[in-house]
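Work through the exercises below with the sequence and the structure open beside you. Try each task before you read its solution.

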Amino acid sequence: MNEELLRLWRAGAEEPGTVLLDGFHPLKHALRFGAAVRQVLTADRAALAALAAELAPDVAPAMDALAVELPEAALRTLAPRPHPTGVIALAVRPTAGANRAALAVRPRPAPVVLLENPRNLGNVGAVIRLAAGFGAAGVVTTGELDPWHPAVLRGSAGLHFATAVERLTLPELPAGPLYVLDPEGADIRATAFSDDAVLAFGTERHGVTPELKARADELVAVPMRPGVSSFNLATSVAMGLFHWMSGRPPGAPV
């Protein structure tokens, strides 16, 4: 039985578009936001059910129906460093076409976050988690990093499924006024971000490229104490999205 479960898992993991959900929270959010979850393996089905009943009763029945128990030693052959919650799952990521269509919707009710050539998997995951929490329309990355890498999914707690996450080139960016965060820009407090904005952030070391700057409708900067070189990427995104939200009327939907 265990060998058959392992075989099915490995076969499923090789299917195109399949992503790994490592831990309870990515699985919870994937189910909550309508992802197609194919397989769920856990070292302790009863413990998983108890955790779901406590933290996610809305998806507990679906989680329980999918969960299959596997000895921890066998589970470790699939995830050598399993999450402390002892559960892994396979889900289907939205297609690039579906993400592009979601990003292209106009009028757009919330900004898109652009990360130009990000390098740190955990930071990208944190940004996606922020974007989902603020109700952003999506997160776009450029460069080589895969925004659906398992470590990014772990960092986002599976909130990829709550927004559109896609890797694009600069010419493929969604339409809308482009605000680029740059130290040479105008004080962010003097600029209002529209709902259909694209908010662009570069790397902590190099900032944004000249090509992206040239595309900007406006350069904006977050005031920073002299001698401090940069903010963490996720912190900068949080400030940008909070600035946008602060311009909306109280009680506006997220």
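The exercises that follow concern aromatic pairs and nonpolar cores in a predicted model.

**Exercise 1.** Classify the pair formed by the rings of W148 and F161, and locate both residues along the chain.

*Solution.* A search of the whole structure finds 2 aromatic pairs. For W148 and F161, the ring centres are 5.4 Å apart and the planes stand at 75°. Planes over 60 degrees apart count as edge-to-face, so the pair of W148 and F161 is edge-to-face. W148 sits in the loop between β6 (138-141) and α8 (150-156), while F161 sits in the loop between α8 and β7 (164-167), so that the pair links distant parts of the chain, 13 residues apart. Both residues, W148 and F161, are buried.

**Exercise 2.** Describe the pair of Y179 and F193, and decide whether each residue is buried or exposed.

*Solution.* The centres of the two rings lie 4.8 Å apart with 50° between the planes, and the pair of Y179 and F193 is therefore tilted. Y179 belongs to strand β8 (residues 178-187) and F193 to the loop between β8 and β9 (198-201), so the pair ties together parts that are 14 residues apart in sequence. Buried means under 20% relative accessible area; Y179, at 10%, counts as buried, and F193, at 8%, is buried as well.

**Exercise 3.** Find the residues with the most contacts inside the largest nonpolar core, and list the contacts of V37.

*Solution.* The largest nonpolar core has 49 residues, and L27, V37, L115 and F161 have the most contacts inside it. Leaving aside neighbours within four places in sequence, V37 is in contact with L27, A30, L31, L66, A89, L90 and A91. A second, separate core of 16 residues includes L103, A164, V198 and V208.

Definitions and conventions. Residues are numbered from 1 along each chain as its sequence is written. This is a predicted model: local features need pLDDT of at least 70, side-chain atom pairs count only at pLDDT 80 or more; totals for chains, interfaces and linings use all residues. Side-chain values use heavy atoms; hydrogens and water are left out. Rings of Phe, Tyr and Trp (its six-membered ring) pair if their centres lie within 6.5 Å; planes under 30 degrees apart count as stacked, over 60 as edge-to-face and the rest as tilted. Helices (H or I, at least four residues) and strands (E, at least two) are DSSP runs, numbered from the N terminus. Buried means under 20% relative accessible area, exposed over 50%, partly exposed in between (1.4 Å probe, protein chains only). A nonpolar core is a set of buried Ala, Val, Leu, Ile, Met, Phe, Trp, Tyr and Cys residues joined through side-chain atoms within 4.5 Å. Contact means heavy atoms within 4.5 Å.
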